[in-house]
Structures are given as C-alpha cells and as structure tokens.
Amino acid sequence: MNELARLQNTVAILNTTVSQQQLRISQQDSKIAAIEKTVDDGSTYTIWGRKACPASATTLYSGYAAGGNNGHSGSAAESLCLPPDPEFNRTKITDGAGHATIYGAEYWSQHFFSPNGEDVPCSVCHSKSSAVLMIPGRNSCYHGWKPEYYGYLASGHYTDAGASSYICIDINPENLNGGEHGVHGRNFYPVIVQCQPLQCPPYHQNYPLTCVVCSK
C-alpha cells in the first residue's frame, strides 16, 4: 500500500506540473498574440498641409513641415513633420560648419496657397488599417483600398541644388498662423508632367500631378 500511495502521489505531482506548464504555455500564447496584435494594429502616415488628420484616423500630433534647405547641396532629401513640443538634450552647437540643418517648409506656388511663403502645417495620423500607400497621379484609390486624403504632388524646385522627395499635399491646404516669411528654406512646388520619355498619353505635358493616400 505504501508503494501504491507513493505512485499515486508521484502521479498527482506530475499532473500538477503538467497543468502548470499548460498554464505557462497559454500565458505565453496570449503574450505573443498581444504582441502580434500591436504590430498589426494599424499604421501611421503624415498628412501634409493640414493641422489635423481626417476623420478616418487619429491625430497623434500636429506640427510643422520641415526639411533641408533646397539651396544646399548637402541637404537631406526627405521632409519631416516636426512636433510642436520639442525636447532637447543639450544647448546650441557652436562648432562652425560641423552640423546639418533643418528649416521650416513653405508653399512656394500659388497653386497651393496664396500668397507665396506661407508656412506649411502637417499632422501625423494613426489609421486602424494595416497598410497605407501614397499613389502619385491619382485622386482616387484602386479597388479594395479606401482614401485617407487626396491632393497634389509636391517637391522641391527642379533647379534647386538640394535633393528633395515627393510628398502629397492635401487638396485643401491650410497655413500656420503668422507664418508668412518668404524665406527660402524647404520650399514646396507642384510637380508637373514632362513628356518624352514619360508616356503621353495617358499623361499630359505640364499638367500638375495629383496624389492620393490610400489604406486597407
């Protein structure tokens, strides 16, 4: 009987151990599922020219469009949406030319805003959709995608020394209050079609390109 009791006790201990391991595995599976949900739970994009995001998205912050100076050959190409509440780790740098620079962005064409030189707002948005795509040359999305916003394609001037990238400025652009400086920093111009070698048709010479930001 003593041997039987010992075996029964061992079996009970093993059953308890198995139950504990199953609980740990279940907890780990829950953690993994939560992480995967966090990774897949939506996406972010920037809307250029607006102080808030569309109703289909949540505004993470609204700030100031900025980038490298269009006239500087070493400028970074991409534009940034700077937040309104910057944090700094140290005071100003005074070591001569050993630095990069960033400037506020301005509309530099009445195609976007009149008069020229108005400062450009921007907003960083969170969409519940898992994918976001900017399509140049369209003002509507393809089947299966829904529009977040649409407008006109913009970039730096074609004669600028500094590199620039294409962004999509909202069809109804706003400006920042008190932002008419007319300083040549990061300036946005409409992007117009140049035929040969671009296929015309379907494109047309000197037409400004539209753009749409789509999600699914």
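This report describes the fold, the core, the strand pairing and selected residues of one protein chain. The structure is a predicted model.

**Overall architecture**

The chain contains 1 helix and 10 strands. Their order along the sequence is α-β-β-β-β-β-β-β-β-β-β, with the helix placed before the strands. Of its 216 residues, 31% count as buried. The chain exposes about 13800 Å², and carbon and sulfur atoms supply 54% of that area. Contacts also reach across the sequence: among those between residues at least 6 apart, 73% join residues at least 24 apart.

**The nonpolar core**

The largest nonpolar core has 27 residues, and the members that touch the most others are Tyr45, Trp48, Ala65, Tyr149, Ile169 and Phe188. Two or more residues of this core come from each of strand 1 (43–48), strand 4, strand 5 (121–127), strand 7 (146–155), strand 8 (167–170) and strand 10 (210–215).

Tryptophan 48 illustrates how such a residue is surrounded. Leaving out residues up to four places away in sequence, tryptophan 48 touches Ala65, Ser79, Leu80, Cys81, Pro121, Cys122, Tyr149, Ile167, Cys168, Ile169 and Asp170. Ala65, Tyr149 and Ile169, which appear among these contacts, are also listed with tryptophan 48 among the core members that touch the most others.

**Strand 4 and its partners**

Strand 4 pairs with strand 2 (residues 58–67) through 2 bridges, and these two strands run antiparallel. Within this pairing, glycine 67 has tyrosine 103 of strand 4 as its bridge partner. Strand 4 is also joined to strand 9 by 3 bridges, here in parallel orientation. Glutamate 106 has asparagine 187 of strand 9 as its bridge partner.

Asparagine 187 belongs to strand 9 (residues 186–190). Because its relative accessibility is 2%, asparagine 187 counts as buried. Beyond its neighbours within four places in sequence, asparagine 187 is in contact with Asn70, Glu106, Trp108, Ser155 and Gly156. Glu106 is thus found both in this contact list and as the bridge partner of asparagine 187.

Arginine 186 is likewise placed in strand 9. Its relative accessibility is 1%, so arginine 186 counts as buried. The C-alpha atoms of arginine 186 and serine 164 lie 8.8 Å apart, although 22 residues separate the two along the chain.

**A salt bridge and a surface patch**

The whole structure holds 1 salt bridge. It joins the side chains of arginine 50 and glutamate 174, with a distance of 3.8 Å from N to O. The pair links distant parts of the chain, 124 residues apart: arginine 50 is in the loop between strand 1 and strand 2, and glutamate 174 is in the loop between strand 8 and strand 9.

A nonpolar patch of about 330 Å² on the surface is formed by Tyr64, Leu80, Leu82 and Ile102. Isoleucine 102 sits in the loop between strand 3 (80–82) and strand 4 (103–107).

The table gives the accessibility of residues discussed above.

| Residue | Relative accessible area | Class |
|---|---|---|
| Arginine 50 | 26% | partly exposed |
| Isoleucine 102 | 46% | partly exposed |
| Glutamate 174 | 26% | partly exposed |
| Arginine 186 | 1% | buried |
| Asparagine 187 | 2% | buried |

Both residues of the salt bridge are therefore partly exposed, each with a relative accessible area of 26%.

How values were computed:
Residues numbered from 1 in each chain as written. Predicted model: local features only at pLDDT ≥ 70, side-chain atom pairs only at ≥ 80, totals over all residues. Heavy atoms only, no water. Patch = residues over 30% accessible without salt bridge, like charges linked within 9 Å, V, L, I, M, F, W, Y side chains within 5 Å. Areas by Shrake-Rupley, 256 points an atom, 1.4 Å probe, with all protein chains shown as cover. Salt bridge = Lys/Arg side-chain N within 4 Å of Asp/Glu carboxyl O. Helix = DSSP H or I, 4+ residues; strand = E, 2+ residues; numbered from the N terminus. Buried < 20%, exposed > 50% of the residue type's maximum accessible area, 1.4 Å probe, protein only. Contact = heavy atoms within 4.5 Å. Core = buried A, V, L, I, M, F, W, Y, C linked by side-chain atoms within 4.5 Å. Pairing = 2+ DSSP bridges.
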